[in-house]
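Please open the structure in your viewer and keep the selection tool at hand. The tour below proposes one selection after another and describes what is found at each stop.

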Amino acid sequence: MSLLDNDIDKRTDANVLKYCWQHWHTADYKNNMYRTFHAVGHGAFYTEKFFRESTEPSFCAVYDCGGNGMSSMVQRTFMEQATINLLFISHLHHDHINGVTKLLSNCKVERIVLPALEPNMVAEAILYNYIHNMDFSSSSFSLIERLLNGDLGETEITEVDAVSPEHGDDLTVELGNLGEKLLSGTAIAVNREAWRYIPINIETNNASLLVAELEKSAKVSAGYFLDNNGRLDYKKVKNAVMLLGVTKCKKIYERIFGKSHNSYSMPVFSVSAKCLEARCHQFCHCVGSTPMNCHENCLYMGDFEATTKYKQLEIAYQTAGIDYKKIGILQVPHHGSERNRNDELYKSNKLCVISAGNNDRYPDESVLYAIQYVQSVPIIVTENHKTEQRFRLSY
């Protein structure tokens with residue numbers, strides 16, 4: 001029986017409290033999950049480790065793996081050859097992926113889930129990393145090449161297609177049944193832990209322009225940078241970019257995207273299956289006397305452009321039957337940048353975690369004020385290990 005049946009008056013505070021209490025406090029929860037926002041400074045490295053009466057995790061998910069000192073951070077976080085069941089990559093900018101190569105060599109990563117590797121998305125990442133002083137010998141470029149070539153050994157890859165009108169169904173796929181493609185908004189079911197991960201990939205409006213602009217600047221024919229499968233040819237793009245140089249590449253990038261661009265960043269909602277199926281997450285802690293929303297569930301956002309694409313995100317999650325506004329933990333997009341700010345995200349009574357460096361210009365003061373204005377709480381995680389945030393949840 002659902003914790004919130006159709007005949008229950010959802011507007012009655014007493015019923016909300018009754019069923020939330022029944023759900024979380026009358027059962028004997030022996031299992032624990034540790035959600036950690038790691039101290040990597042201006043980057044993103046977040047882990048969820050599930051434990052079932054054992055010192056070894058029964059399941060592990062990671063969202064992004066980038067920042068300062070990633071080699072040592074990966075070694076401190078995971079034992080050698082530890083299993084990572086799911087690695088979500090929000091997008092391919094270096095500060096979100098420069099630790100992935102170390103993760104792949106140090107651990108057994110079973111599956112990577114990331115936005116579909118469309119030519120313009122990959123070209124954007126290559127240009128972005130290049131004009132931000134990343135050398136083509138770096139681990140970030142090596143990872144992009146390996147992803148395009150499928151050169152990841154036993155690690156499987158699932159690409160999340162961009163949102164389209166036919167993605168209107170409430171879909172769930174078991175983790176063991178994941179394939180090479182996934183519809184945006186589909187819930188990935190980790191049934192042994194009664195947990196769900198829901199990625200949303202929202203297509204950018206100028207998705208078809210960058211490769212064409214690069215072809216024009218490099219004075220090559222249309223389709224030159226694509227292989228026989230319609231994928232971006234990494235070596236051809238690399239050679240062209242190096243010949244053009246940083247200054248010309250920067251001009252190409254800015255003609256299409258302006259000076260700042262993160263439209264390809266893929267949010268992922270981490271949610272208890274019991275909350276999701278009962279839909280009690282929509283009503284948990286809506287009573288005024290309860291100080292915070294439900295900390296069981298978290299929305300990871302990477303560098304998502306919430307300023308311009310918030311409404312699309314809201315519609316996508318509503319289509320999947322989720323009111324993510326009632327979650328208790330939000331990873332603030334793009335390190336608390338004003339350019340990615342949307343005040344609707346912070347409502348209300350959330351813990352808003354911001355990854356930023358000690359000497360960073362982020363987070364912007366206006367973002368901190370906006371978070372506090374709606375009675376949410378900003379928490380800044382830097383490269384100082386004392387700022388690391390870890391949440392223990394029973395399930």
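Helices (H or I, at least four residues) and strands (E, at least two) are runs assigned by DSSP and numbered from the N terminus. Two strands are said to pair if DSSP finds at least two bridges between them. The model is predicted, so local features need pLDDT of at least 70 and side-chain atom pairs count only at pLDDT 80 or more, while totals for chains, interfaces and linings use all residues. Residues are numbered from 1 along each chain as its sequence is written, and side-chain values use heavy atoms, with hydrogens and water left out.

**First stop: strand 12 and its partners**

Select residues 187–190, which form strand 11, and then strand 12; the two run antiparallel and are joined by 3 bridges. They form a hairpin with 4 residues between the strands, and A194 in the turn has a positive phi of about 55°. Within this pair, V190 of strand 11 stands opposite W195 in strand 12.

Next, add strand 13 (residues 268–272), which pairs with strand 12 in the antiparallel sense over 5 bridges. Here R196 stands opposite V271 in strand 13.

How many residues of strand 12 (residues 195–199) are buried? A residue is buried under 20% relative accessible area, exposed over 50%, and partly exposed in between, as judged with a 1.4 Å probe on protein chains only. Strand 12 is largely enclosed by the rest of the structure, because 5 of its 5 residues are buried. In a regular strand the side chains alternate between the two faces of the sheet. Both faces of strand 12 are covered: W195, Y197 and P199 are buried on one side, and R196 and I198 are buried on the other.

**Second stop: the open sheet**

Now display the open sheet of 8 strands, whose order is 10-8-7-5-3-2-1-18 with mixed pairing. Its edge strands are strand 10 (181–182) and strand 18, each of which pairs on one side only.

Select strand 1 (residues 32–37), where 5 of the 6 residues are buried. On one side, strand 1 pairs with strand 18 (residues 389–394) in the antiparallel sense over 6 bridges. Strand 1 is also joined to strand 2 by 6 bridges, again antiparallel. M33 is a useful residue to label: L393 stands opposite M33 in strand 18, and F50 stands opposite M33 in strand 2. The hairpin of strand 1 and strand 2 has 6 residues between the strands, and G41 takes a positive phi near 70° there.

Move along the sheet to strand 3 and strand 5 (residues 86–88), which pair in the parallel sense over 3 bridges. In strand 5, L87 is the bridge partner of V62.

**Third stop: the largest cavity**

On a 1 Å grid over the protein atoms alone, a cavity is a set of points where a 1.4 Å probe fits but cannot get out, and lining residues have an atom within 4 Å of a point. Grid points are joined across faces, edges and corners, and a volume is the space filled by probe spheres set on the points. The count comes to 3 cavities of 30 Å³ or more, and the largest cavity holds about 40 Å³ of space.

To see its lining, select Y46, T47, E48, A61, V62, Y63, F88, Y197, V268 and Y300. Strand 2 (44–51) and strand 3 (59–66) each supply at least two residues of this lining.

**Fourth stop: helix 5**

Select helix 5 (residues 119–131), in which 13 of 13 residues are buried. Just after helix 5, N133 takes a positive phi of about 65°.

**Last stop: salt bridges**

A salt bridge is a side-chain nitrogen of Lys or Arg within 4 Å of a carboxyl oxygen of Asp or Glu. The whole structure contains 11 salt bridges.

Select R255 and E213, whose side chains meet in a salt bridge at 2.8 Å, N to O. This pair links distant parts of the chain, with R255 in helix 8 (residues 234–257) and E213 in helix 7 (residues 210–218), 42 residues apart. E213 is buried, with a relative accessible area of 16%.

Then select R341 and D343, which form a salt bridge at 2.6 Å, N to O. R341 is partly exposed at 22% relative accessible area, and D343 is partly exposed at 29%.

Finish with E388 and R390, whose salt bridge spans 3.7 Å, N to O. E388 is partly exposed at 29% relative accessibility, whereas R390 is exposed at 52%. Elsewhere, salt bridges that share partners join E159, D161, K181 and R231 into one network.

Notes. 1 Å grid on protein atoms, 1.4 Å probe; cavity = no way out; pocket = protein on both sides within 12 Å on 5 of 7 lines; lining within 4 Å.
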